[in-house]
Amino acid sequence: MKIGIFLFLSLLSPMICWAQGQLKIDLESFDQLEMESQLVDAVNEYRKQQHLPLLLRDESLDAAAFDQAEYNQKNNKEGHTQEEVVKENVQKRVRFYKGLHYEIGELIYIASVGAPIKTTSTESFTINTYTDAAKAALNEWNKKKDSKTILDDNTYFNIGVAASFHPERREISIVSVIASSPYELREKKDREDDYGLVEYNKTICDLFNRKNSFLPELLSDKVFVENGKIYLENSDRELLSEILSDGRDGFSIDIVGKDQFNCDGGIKLYPSNIHYGLLLRPIKASSINYKTPEGNFLNKIELGELPSYYQSEDVNVNLLIFKEGSVCNYIPEAKTKAKNLHWLEPKWEVFNPASEVATFYEERKFNSAETEKVLNLLDSLQNSVQPIQELSIKIDYNALSPFDSSKVKAIYQEKSKSIVKKPHISSHDTWKSIEKFIANRTIAIDVRGVSFKDKIEILNSTEDPNEINFFRSSQLTTVRFGMLKNITSEPTNSLIQEYKESIESNKINNALTIQKELIERAKNNEEAAKNVITITKMEQVRENLALISNTAIARHQLEGKKVLAEREHLRRTLLGLYLVDKTNPIISYNLCLSILHQWEMSKKAPVSPEKWEEYFKSASADSTISKDKLEKLNTNFYLLSADYYYEKGDIRERKKSLQNAYNSIMSTDNTRDEMLSYAQYYMFQLQINWAATILKKQLSKAFDAEVAANLVSISSYPSSEISEKDRSELLNKIYESEPNLFCHLFTTKSAHLLYLRNEQTKKNWCLSCQ
């Protein structure tokens, strides 16, 4: 609660011009109403010039001001306090006169009628009129920094003034009480007191809060409204017994509503040191009903009713915990983005091809005598849009061939150089195959004993179709060329054929390129692609490690992700690859990850958590796994460990795992989404300080509205270590970046209505959310 109290005794030069015809102060008949009227007019004229809300007279403030003015005059004192306890300060005086103003400032001035006042080195005036007295008071208040703060406060909407005149001393005791808009009670049954509850008592509350420091985090979202009634979840009966250890302990509800933050007026908070809105009747431990008539524990405890004039979506329902009548904890309603997280599954590492295109091979066969057809093909390859990577020509010839193989080879060699840099042109004499073939044929008798020339003539003149076909097949020219193609447009069957051929010919990069596309198609439920990826077997040698690793991971993702046996198969496969090449960082990383995958499903480690570090170091000792990847593996190991120890009931080891996971997170360059997930996990674990630190680290890189919104959602917890100033700055940055998200925070109650006490935050809320 903010209260400003100031005392001013001197007179200064005028700053504001008053109208002519001012009423002179009559010492025999002092006009109190005129003096008060002039004072209100002077203050409002000043605020009008400053573009501030004009102040409305308020009876309770008038009464409090008059009481102090009379007290000062009668006792010849110049102060803000009184001896009577119920009126000892301005706050109590306003409450004594039924005023429900939360923020109050008090200004006091003593005006001496007829006294000459020097305002500057060359100017002076004398207080002779009521206008002069008001002008002198205002100028004095405006001159002082603290009093000007009260005059310039745009959250103040009400004023009370009073003047008490002492004729013998010729002094006017002027008091002005300026305050925020009063809290409004809606029904006669609404109480104006705090039901006997008192402020925080260190003797009673300190020990309780040290033992139960987690209560704000634990209970902030456990109060809810259902069918007009307000309940507290009764999920932890041991904790409830700790809170309500004495019959004088209990709960109360403070209802803060949107109507307290009128966009056309001031903020109307209840003037109390223990609550801000409508306080419901406290419920003591002795009267709380925990059980059903049958003796079963209730899963919710009724704490009161939501007044009919409120809608649950328009209020924050805040919980007060009191011990022996002293409010030890005020827990604002807070809806965080908390989410539990078993682990944040790291991505598998895959061997990626060097290129997004692959070489597809084609083979064309011609009769060796059909040189023109071969040359036509070479012309088309020379003009091909798709680059030709490889070109080979094999010319089969023999004595039956009607051409000179050397000349043909030279022609092809010269032509091919314009297609690829290093064509491979070869010729192969097939005469031995001819001799072998005719040796078992009838024609062998015809050629026996004849000259070689006659033998050739006899063979060329044969009419046997089998012999003719064989002789032709022995004189073929085979053109084989590799063409670069964008694999995404190739049919799956073509990819499968080329994939298998690439593996057989040890073209690993080509196989990796095609494999990547086949895996994507398999994930899109293409059965042919899925079959070749999951079934194709390769020799487990160093050259094939990349293909085998990718295949094993793809199989896991396609078939075995939810099957423990498949996870064990993957781990064994990767272990075998690791034994082939212990220096491969991708294999080492995937092996460690496979261990976590198996543990994540089996709920127990293939090695105990205590031995993980030793195993982990062994698996990565000779590799070049990056520090960030190692830390991410460790992070997830400790997250799984936390669950492992929770199941075992080992709270101490679980806490160590949470701490170790946090340390890994903070030492790793995680992505923005990963940091959000980790922060929300620690919110769920009620480790608000760690969650806040993770979010702050992410915001230090660059402002992100969603990250900031998560931080705002936990800012009401003391352990978040977020000041009101920092929270207001976050909210205003969110508004500037994403106004809809700013409004959503208040709609979902991730941002508390009390945050609207900040002037800029309320202004933004009124502009865009109402």
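Me: Which residues touch the most other members of the largest nonpolar core?
Reply: Phe-261, Tyr-499, Leu-518, Tyr-682 and Ile-714 do, in a core of 101 residues. A nonpolar core is a set of buried Ala, Val, Leu, Ile, Met, Phe, Trp, Tyr and Cys residues joined through side-chain atoms within 4.5 Å. Buried means under 20% relative accessible area, with a 1.4 Å probe and protein chains only.

Me: What other core lies apart from it?
Reply: One of 33 residues, among them Leu-240, Ile-255, Ile-301 and Cys-328.

Me: Is this a predicted model, and what's the fine print?
Reply: This is a predicted model: local features need pLDDT of at least 70, side-chain atom pairs count only at pLDDT 80 or more, and totals for chains, interfaces and linings use all residues. Residues are numbered from 1 along each chain as its sequence is written, and side-chain values use heavy atoms, leaving out hydrogens and water.

Me: Back to Ile-714. What is Ile-714 in contact with?
Reply: Leaving aside neighbours within four places in sequence, Ile-714 is in contact with Thr-336, Met-683, Ile-688, Ala-691, Ala-692, Leu-695 and Ser-720. Contact means heavy atoms within 4.5 Å.

Me: How many helices and strands are in the protein chain?
Reply: The protein chain has 29 helices and 19 strands. These are DSSP runs: H or I, at least four residues, for helices, and E, at least two, for strands.

Me: Compact or spread out?
Reply: The protein chain is more spread out than a compact globule, because its radius of gyration is 45 Å, well over the 27 Å that the globule rule gives for 770 residues. The radius is taken over C-alpha atoms, and the rule is 2.2 Å times the number of residues to the power 0.38.

Me: What does the C-alpha trace span?
Reply: About 165 × 75 × 45 Å along its principal axes.

Me: How much of the protein chain is buried?
Reply: 51% of its 770 residues count as buried.

Methods: Buried means under 20% relative accessible area, exposed over 50%, partly exposed in between (1.4 Å probe, protein chains only).
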